[in-house]
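The following exercises concern the structure shown below. Each consists of a task and a solution worked in steps.

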Amino acid sequence: MQLLAQDLGGAVEPAARREYGLASLVVDEAGGLFERLPAELPVWMSHGDVITRLPPGFRAVAHSLNSPCAAMAGPAGRLGIQFHPEVVHTPLGREVLRNFLYRVCGCSGTWEPSSFIDMAVSDVRSRVADRRVLCALSGGVDSAVAATLVHRAVGRQLVCVFVDNGLLRRAEADRVIDIMSRQRHIDLVHVDASDRFLAALAGVVDPEEKRRRIGRTFIEVFEQEALRLGQVDFLAQGTLYPDVIESTARDTHGARTIKTHHNVGGLPENLRFELVEPLRYLFKDEVRKVGLALGLPEDLVFRQPFPGPGLAIRCVGEVTRDRLETLRAADWIVIDEIKRSGLYREVWQSFAILTPISSVGVMGDGRTYANVVAIRIVTSDDGMTADWAKVPYDVLGAISRRIVNEVQGVNRVVYDISSKPPSTIEWE
Ligand code: XMP
């Protein structure tokens, strides 16, 4: 609002008191953004200045204790607000945005996955024409939906590369191949590079070093495959709108590049592709709707987020084949029990971590000295902040019992009850 008010000929000055946090917004003029909302509503503020002179033609339509103009309206339907309607701390923020879209702008809310699909398919088709497209599949929903859309547009001109880094959950690799290749007949190159990734990770315990080596190895493997495929002009990516916003922010520092989440970031100079990003104006929930409309299975479409470096950053300490197997077995049980309890879609992520700690236990007549597995189950809206999930004790009990009974080499299970911040979701 500072920029807006100044640009429009108003004046903005530092406030005597910074307003940060929850404030009470008093609506002085109902209607417009505040149609059908209470006369006073809690909003999230974060500013250190106030408007001392409104731009010509504007009037204040709401105020707060420290801001005589917390919302303004002007000529030609122009509006300005000082609070943050987009954060969860503004409980009625969604209603404010709804009013903006449907009442102020006159949008009708008729977005349909099927019309989006028709439009995206025709865009991709006309852009690609008879050339070839490469797509790196990660096993996640974004790249799967992007690939399926592009495939619908250009069929066999699309080739997908699935780099199996050996750091995936149990049965993930087979599922990707089954869905994309066997069921949808997408041309798919499956590269089993697990030995190479494990060799690159040998002896590494530092989390950032793990990420660097995984990223580097991915690029090497991907480059090798891309060169083997011959002339390819386009790279399809499952970039979503939040990634676009993020990279636009980076743009200002001159660094708009390929999405880094998929570890395709920093592809070498000799691999110059034009990008095809059919999902770049969608949010995750819309991608999921498109995925379902394209006929992708629900368990793929609603899969919980999974980090690019995979199980390597959940294997605290050195990543070895044996440790990965132990972690995979424990992780499988967590997911199985969380799905059984109906919580899978309620929570943001649920997974196991193999700690580097061994503890003493007793099994039958014998004493054991074996691994401790930690369970992390969190609720979150966007992964930026998170809270540990208050999972019922009997579900936690079942997870613990099964892991200790079924996973060799584990004799203790602990539940992580830290929120983010100050902890992160992943342990590494
Ligand atoms: P943290 O641990 O930072 O995680 O609280 C926030 C979200 O990001 C995911 N995550 C990653 N995703 N590459 C990824 O693609 C990574 O290196 C990475 N590290 C964390 C994490 O799973 C959570 O959803």
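A polar contact is a pair of N or O atoms within 3.5 Å; within protein, one of the two must be able to donate a hydrogen and the other to accept it. The model is predicted.

**Exercise 1. Determine whether Asn-411 is buried or exposed, and identify the partners of its side chain.**

Step 1. Locate the residue: Asn-411 belongs to strand 14, which covers residues 410–415.

Step 2. Classify its accessibility. The relative accessibility of Asn-411 is 12%. Buried means under 20%, so Asn-411 counts as buried.

Step 3. List the partners. The side chain of Asn-411 reaches the backbone oxygen of Ser-359 at 2.7 Å. A further polar contact, at 3.0 Å, links the side chain of Asn-411 with the side chain of Thr-368.

Step 4. Place the result in context: of the 428 residues in the protein, 49% are buried. The protein has 12 helices and 14 strands, and its C-alpha atoms fill a box of roughly 80 × 60 × 35 Å along the principal axes.

**Exercise 2. Describe the surroundings of the ligand and state how much of its area the protein buries.**

Step 1. Identify the shell. There are 12 residues around the ligand, and those that come nearest are Arg-211, Gln-349, Lys-420, Ile-425 and Glu-426.

Step 2. Sort the shell by class: four residues are nonpolar, five are polar and three are charged.

Step 3. Examine the short distances to oxygen atoms of the ligand. For Gln-349, a side-chain N or O atom is 2.9 Å from a ligand oxygen. For Lys-420, the corresponding side-chain distance is 2.7 Å. Ile-425 takes part through its backbone, with an N or O atom 2.7 Å from an oxygen atom of the ligand.

Step 4. Assess burial. The ligand taken alone exposes 490 Å², of which the protein buries 74%.

**Exercise 3. Characterise the peptide bonds from Lys-420 to Pro-421 and from Pro-421 to Pro-422.**

Step 1. Take the bond between Lys-420 and Pro-421: omega is about -15°, and the bond is cis.

Step 2. Take the bond from Pro-421 to Pro-422: omega is near 10°, and this bond is also cis.

Step 3. Locate the prolines. Pro-421 lies in the segment after strand 14, as does Pro-422.

**Exercise 4. Establish which elements line the second largest pocket and which residue classes occur there.**

Step 1. State the volume, which is about 340 Å³ for the second largest pocket. Its lining comprises 16 residues, with Asp-123, Glu-277, Pro-278, Arg-280 and Tyr-281 the closest to the centre.

Step 2. Assign the elements. At least two lining residues come from each of helix 3 (113–128) and strand 10 (274–276). Helix 3 gives the most, with seven residues.

Step 3. Count the classes: the lining holds 11 nonpolar and five charged residues, and no polar ones.

**Exercise 5. Give the location and accessibility of Ala-76 and His-185.**

Step 1. Consider Ala-76. Phi of this residue is near 55°, a positive value in a residue other than glycine. Ala-76 is found in the loop between strand 4 (67–73) and strand 5 (79–81). The relative accessible area of Ala-76 is 82%, so the residue is exposed.

Step 2. Consider His-185. Its phi is near 55°, again positive in a residue other than glycine. The loop between helix 5 (172–183) and strand 8 (187–192) contains His-185. His-185 counts as exposed because its relative accessibility is 54%, where exposed means over 50%.

Definitions and conventions. Residues are numbered from 1 along each chain as its sequence is written. This is a predicted model: local features need pLDDT of at least 70, side-chain atom pairs count only at pLDDT 80 or more; totals for chains, interfaces and linings use all residues. Side-chain values use heavy atoms; hydrogens and water are left out. On a 1 Å grid over the protein atoms alone, a cavity is a set of points where a 1.4 Å probe fits but cannot get out, and a pocket is an open set with protein on both sides within 12 Å along at least five of seven lines; lining residues have an atom within 4 Å of a point. Grid points are joined across faces, edges and corners, and a volume is the space filled by probe spheres set on the points. Helices (H or I, at least four residues) and strands (E, at least two) are DSSP runs, numbered from the N terminus. Ala, Val, Leu, Ile, Met, Phe, Trp, Tyr, Cys and Pro count as nonpolar, Asp, Glu, Lys and Arg as charged, and the others, Gly among them, as polar. A residue is near a molecule or strand if one of its heavy atoms lies within 4 Å of it. Accessible areas come from the Shrake-Rupley method with a 1.4 Å probe; for residues, only the protein chains shown count as cover. Buried means under 20% relative accessible area, exposed over 50%, partly exposed in between (1.4 Å probe, protein chains only).
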